[in-house]
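Good morning. I will go through one structure with you, and I will keep to what can be read from it. Please have the sequence and the picture open.

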Amino acid sequence: MTSRLTLAVVILAFFVCSVGSLMICGILFPTMHIGRSDSVPLQAVASVAAMAVFVPVFLAARFSFGYLVAFPIFSAVLSFVWLSFVSVFDYQHATARYSMVLALIAAITPPLFLNVDIPRPALSDRAMSRLIVLLVVASTAVLIADMSFGVAFGDPYGSSRGNVARPAWMNYLTGIVLGAVIPYLFAYFSIRKQWYFAICVAVLDLCFYPVVLNKSVLMLPAWLLFLFWLFGRFSPRLATVLSFLIPMIFGLLDAASLFVFPDHPFVVFSAINLRFSAVPALAIDHYADFFSRHTTTNFCQISFIRRLIECSYGELGVEMANVYRTGNFNASFLATEGIASVGLKLAPISALFCGLILAAGSMASRHLSPRFIAVSSGAAVPIITNVPLTTALLTNGVGLLFLLWWITSSPGRGLSLPDTKHR
């Protein structure tokens, strides 16, 4: 009872911090089209408070990968509910709110509660060791191949990022390594306390920075280490919520320095509270506005479907950037496979199918320890909440991560734990 009460209090604290963060984003980043919340609409407060009906869901569900990914999806919809009352765009806000809440229910129910045993291959310790060696060699080979096309050092927001061109297949391999293989290897070695190898994996990740010029690559080792510590210190469900709340609090403290240093650049607040907390909700707001005035894509943004049907859209992120001038605005499946593909009214149905796919990943990992699941999906969870699910599965390696979980077998070495630990 005490643990559930603590979890409920922490989730409610997350509510408060999320809304506060959005209000500050509206002040500091007006170019992101965030409505100012100077006069708080009573309906917005009531609607956000009504989202507390989901708290018992997170109290009742057992920990799994589904739990890890359901909470940020919930966070995105919670933030969107608030934003929809202060949106600067003109679309059917009430319809969008109801649609996204229904989509939330459809998306998180399968991964949270569909937990079926599926047959798994029984790999020997030797086979697992060979698999790990293969992944390390493959990751190193991808890095070397990337560097053979050239490297660039500079600002990840500057022009240097586009200086080196690589073939599409090379970009796919790089995304898979960074999104799935490196976090999996780091989790494997750190859980087994093989710290020398874990450090080598972290260094391998950092070596990709001049290849992709992405700040997420620089942050990944620290983030994975934070998850390793957090899931070893707290119960898995509480650690899940804290993994979002603690960084958000650091961002709010960074924003508070506005009162002391007016010219402070707010790097922490921008990287955490804006990029990883507000943007998934802002994407829903932007996509709802755009597709209230444009025809839906009918999934033609997916490469193999584009070959089958005529498509009037290029990459959706680029389409958004051209219209709203806020950068390459990629979005989660709620906005892409949902709003963009089928429209607001059918978005919950699309979300249900996406939820079933996420449930497959949850079932593939149910035999693994919470700590291993959390660390190995350290890159996958943010990816799922910020890019289309089809892109996450293929281009960013989430599908491969599901496969790796399914075949992973090393009882007694920290990878697997009794089911009673998954609370």
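Let us start at Phe299, which sits in the loop between helix 12 and helix 13. Before going on, note that this is a predicted model. Is Phe299 buried, exposed or partly exposed? With a relative accessible area of 26%, Phe299 is partly exposed, because the buried class ends at 20%.

Now the backbone. Most residues other than glycine have a negative phi. Phe299 is not a glycine, yet its phi is positive, about 70°. Asn298 also has a positive phi, near 55°, and is not a glycine either. Asn298 is placed in the loop between helix 12, residues 267-290, and helix 13, residues 303-306. Its relative accessibility is 49%, so Asn298 counts as partly exposed; the exposed class needs over 50%.

From Phe299 we can step to Ser350. Leaving out residues up to four places away in sequence, which residues does Ser350 touch? They are Phe299, Glu337, Gly338 and Val342. Ser350 belongs to helix 16, which covers residues 347-364. Ser350 has a relative accessible area of 9%, so it is buried. There is also a distance to look at: between Ser350 and Phe333 the C-alpha atoms are 8.4 Å apart, and the two residues are 17 apart in sequence.

Two of those contacts of Ser350, Glu337 and Gly338, are among the buried residues of helix 15. How many of the 9 residues of helix 15 are buried? The count is 8, so helix 15, residues 334-342, is largely enclosed by the rest of the structure. By name, the buried ones are Leu334, Ala335, Thr336, Glu337, Gly338, Ile339, Ala340 and Ser341. What lies over them? The cover includes helix 4 (65-86), helix 5, helix 12, helix 14 (316-324), helix 16 and helix 19 (389-394). Just after helix 15 comes Gly343, with a positive phi of about 90°.

Last topic: charged pairs. How many salt bridges does the structure hold? There are 3.

One joins Arg366 and Asp117, with 2.3 Å between the closest N and O atoms. These two come from distant parts of the chain, 249 residues apart: Arg366 is in the loop between helix 16 and helix 17 (370-376), and Asp117 is in the loop between helix 5 (93-113) and helix 6 (125-148). Arg366 is partly exposed, at a relative accessible area of 25%. Asp117 counts as exposed, because its relative accessibility is 61%.

Another pairs Asp146 with Arg166, where the closest N and O atoms are 3.3 Å apart. This pair also links distant parts of the chain, 20 residues apart, with Asp146 in helix 6 and Arg166 in the loop between helix 6 and helix 7 (168-191). Why does Asp146 count as buried? Because its relative accessibility is 0%. Arg166, at 13%, counts as buried too.

The remaining salt bridge is between Asp289 and Arg293, and here the closest N and O atoms are 2.7 Å apart. Asp289 is buried, since its relative accessibility is 5%.

To recap, Ser350 is buried and touches Phe299, while helix 15 is largely enclosed. That is the end of my part.

Terms used
Residues are numbered from 1 along each chain as its sequence is written. This is a predicted model: local features need pLDDT of at least 70, side-chain atom pairs count only at pLDDT 80 or more; totals for chains, interfaces and linings use all residues. Side-chain values use heavy atoms; hydrogens and water are left out. Helices (H or I, at least four residues) and strands (E, at least two) are DSSP runs, numbered from the N terminus. Buried means under 20% relative accessible area, exposed over 50%, partly exposed in between (1.4 Å probe, protein chains only). Contact means heavy atoms within 4.5 Å. A salt bridge is a side-chain nitrogen of Lys or Arg within 4 Å of a carboxyl oxygen of Asp or Glu.
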